[in-house]
Amino acid sequence: MGAWSARHRKTAVFGWLLFVVLAAALGTAHGSTKVTEAESIPGQVSRAARILDEAGLQSPAGETVLVQSTTRNADDPEFRAAVGQVVAAVNGTGKAAEVRSPYDTRAVSADGHSALVTLTLKGDREQAPDHVQPVLDAVAGVQRQHPDLTVVQLGDASSDKWMQDQLTNDFARAEWTAVPLALGILLIAFGALVAAVLPVVLALTAFVAAAGLVALSSGFLHTSGDASSVMLLVGLAVGVDYCLFYLRREREERAAGRDAATALAVAAATSGRTVLVSGVTVVVAMAGMFLTGIATFKAMAFATIVVVITAVLGSLTVLPALLSMLGDRVEKGRVPFLARPRRPAAGDRSGGRFWNAVLTPVLRHPLAATVLAGAFLLAVAAPLLTMHTAKLTFQQQLPAGNALVAASQKIEAAFPGSPAPATVVIRAADIDSPAMTAAIAELRARALAGGRMHGPVEVTVHPDKNVATVDIPLNGTGNDATSNEALRSLREDLVPATVLAVPGTEAPVTGQTAASYDFNRKMTGSMPLVLGFVVVLAFLLMLTSFRSPVVALTAVVLNLLSVGAAYGVLTLVFQHGMGASLLGTAGVGAVESWVPLFLFVILFGLSMDYHVFVVSRIKEGHDRGLPTRDAIAHGIRSTAGVVTSAAVIMVAVFSVFGSLSMQVMKQMGVGLAVAVLIDATVIRAVLLPSVMTLLGERNWYLPRWLNWLPDLSHGESVPPPGTDPAPHGPPAAPAQGARHRAEV
């Protein structure tokens, strides 16, 4: 691929640009089809959404307006006047389908100082966030007229609107922060503007093309908002890393005395192969998320797979073509005091003073290094034993001090219980039959009498559809043990004993608590299958790539250690709150349900970037005749600069996501940043060399019954600098101003 691209430079470059433009244009024209509620949450929640969809009764977006006074009670004339103004103002917007006064629904707090105006918005629930602003403005107008009262709004549409706006702002912020960060780090790494810009441009064009392809294919595999964020996060990280590996190897070979054509051919045969193996590993790992059966996970997996394949394609085709066109002009725009020390010198394998100082004692005392580093990682990972996962409520997702969070806290204080009710969706043969009417009444009575649920219980009947919904607020915060126990009681005791006792009835229970509960159950059930799939496939890929079960097993174990350490940090920070204030957040008592599984698959893929890159250089030295210990020293030291630069870029990009507003973005960004940092330092600089040194020649042991494995080149044909390349392999491209070396 590298040789073809170098020979057909214009075709490769303009072909890539045409591909990016066409993919983006077609994707924009097609638009994105999003995952529906019926697809996104498994179990009873999905069944309930399907019943409502089939009946054409998508549950409307509900909103609540709190009117509260510290001195007046709900019967005070001014209090009543404020409530009346809220009802009139909301009705005046024309956006509300139904507005209910607290004096009709008896939604007045026990102390008499708070009342709730409830309403539903007209139209489709999915479109409600686009139409809620006039209602928000109307409520804000009443608040201005009554500064001595608290008049605040909270609900499905207002919360979704804030989240959508915030995600858009965070996404833009991530783009405008992560890209300059990556560019600045590359500028320091290469010391030249052109060399620094190339990886960033290729990563961004890969992301643009992948985004278009994902939108274009969303008709048969629906996408989601989370998928776009993940695609940017992963696409920028791997795209820059892949180009960095390739470019640094080409520069090293040029600095070692090779002509431009040979240097490019060596980079294609070594780093190009590393990029391909790493990309395939990421794709295989992400494919494991399809086994969850959860549509949102499928969307994230597909988006990540597409952006990684696109980044690999760009790195193996357009990058060699550009390097062939530029030659040594890739070092144009040198930065004073950076260009000379950052350019790899011929024969320099020290890896820098810092890494040399770390590696020397590790190779001298490998057993002690293994024990100490392993103990450290196990200690960091220990808190994962206490990890609690849940689908975070919007109050937990939002930053502290947010207006919506403040409104929610005031409503919960005045009306204790879950902020969102459980909804029993009933489909019967005859919803108006005396038996069903009595069963619904009995369900309502038992719910209020049981002590785990509270009022107001709202019943909505659609006789023409033979469907009814019963909204029952649960005790607890919405995703704690109290709420889960109340949900279990409702599903397993109350509903079967009442409405399900009527023949021909279906009555799944949905709602915020139900969604979190069902999601966690599905995650728990699918986790072993996904983990087993990823681990086994990663082992087989490493085995095929290096023809060594020892190297493959080492890779799997070391990756598990880095993932475990990331889990431990996530639990400490986001569940228990240790150091959370430094990130502008607080402990929320749980880790988002999907984050651990997502981190596992993405980290198992991304960490292979470093592992394949480093071990390939070790095997390259060993295959040239170096003893294993010397090959390890050569491989670690010769890749230290590249691994450091790549890790710093990944950590910087992921840290940007850790600084965003949404709790789930923080968890994802911090988890990835910590894992990559540990992987590039403790794992690659200490554990990997110490373990491989202890194993010695056993690293390369291959049982006879595995001799059928393909022998994939690790640069065995690449001679040391200063010698002629071996007479086999793909032809290299002619180098401008240099004598052409035919093959490597």
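**Exercise 1. Identify the residues with the most contacts inside the largest nonpolar core, and follow one of them outwards.**

The largest nonpolar core of this predicted model comprises 206 residues, and those with the most contacts inside it are V424, I426, L490, F598 and F654. A nonpolar core is here a set of buried Ala, Val, Leu, Ile, Met, Phe, Trp, Tyr and Cys residues joined through side-chain atoms within 4.5 Å, where buried means under 20% relative accessible area (1.4 Å probe, protein chains only). The largest share of this core, 19 residues, is supplied by α27, helices being DSSP runs of H or I with at least four residues, numbered from the N terminus. Taking L490 next, and leaving aside its neighbours within four places in sequence, one finds it in contact (heavy atoms within 4.5 Å) with A422, V424, L443, M453, I472, V495, P496 and V509. Apart from the largest core lies another, of 24 residues, including A82, A96, V132 and L149.

Two conventions apply: residues are numbered from 1 along each chain as its sequence is written. Local features need pLDDT of at least 70 and side-chain atom pairs count only at pLDDT 80 or more, whereas totals for chains, interfaces and linings use all residues, and side-chain values use heavy atoms, with hydrogens and water left out.

**Exercise 2. Decide whether S489 is buried or exposed, and place it in its helix.**

S489 belongs to helix α22, which covers residues 481–497. Its relative accessible area is 5%, so S489 is buried. Beyond its neighbours within four places in sequence, S489 is in contact with R452, M453 and L494.

**Exercise 3. State which helix gives the largest share of the lining of the largest cavity, and describe that lining by class.**

The lining consists of W355, V614, I636, T639, A640, V643, T644, A680, R684 and A685. Both α26 (628–658) and α27 (663–695) supply at least two of the lining residues, but the largest share, five residues, comes from α26. By class, the lining has seven nonpolar, two polar and one charged residues.

**Exercise 4. Establish where pLDDT stays under 50.**

The chain averages a pLDDT (the predictor's confidence in each residue, from 0 to 100) of 82, and 92% of the residues score at least 70. Values stay under 50 over residues 339–350, for which the model has 24 contacts beyond four places in sequence, and likewise over residues 721–744, with 53 such contacts. Where pLDDT is low, the predicted coordinates should not be read in detail.

Conventions. On a 1 Å grid over the protein atoms alone, a cavity is a set of points where a 1.4 Å probe fits but cannot get out, and a pocket is an open set with protein on both sides within 12 Å along at least five of seven lines; lining residues have an atom within 4 Å of a point. Ala, Val, Leu, Ile, Met, Phe, Trp, Tyr, Cys and Pro count as nonpolar, Asp, Glu, Lys and Arg as charged, and the others, Gly among them, as polar. Buried means under 20% relative accessible area, exposed over 50%, partly exposed in between (1.4 Å probe, protein chains only).
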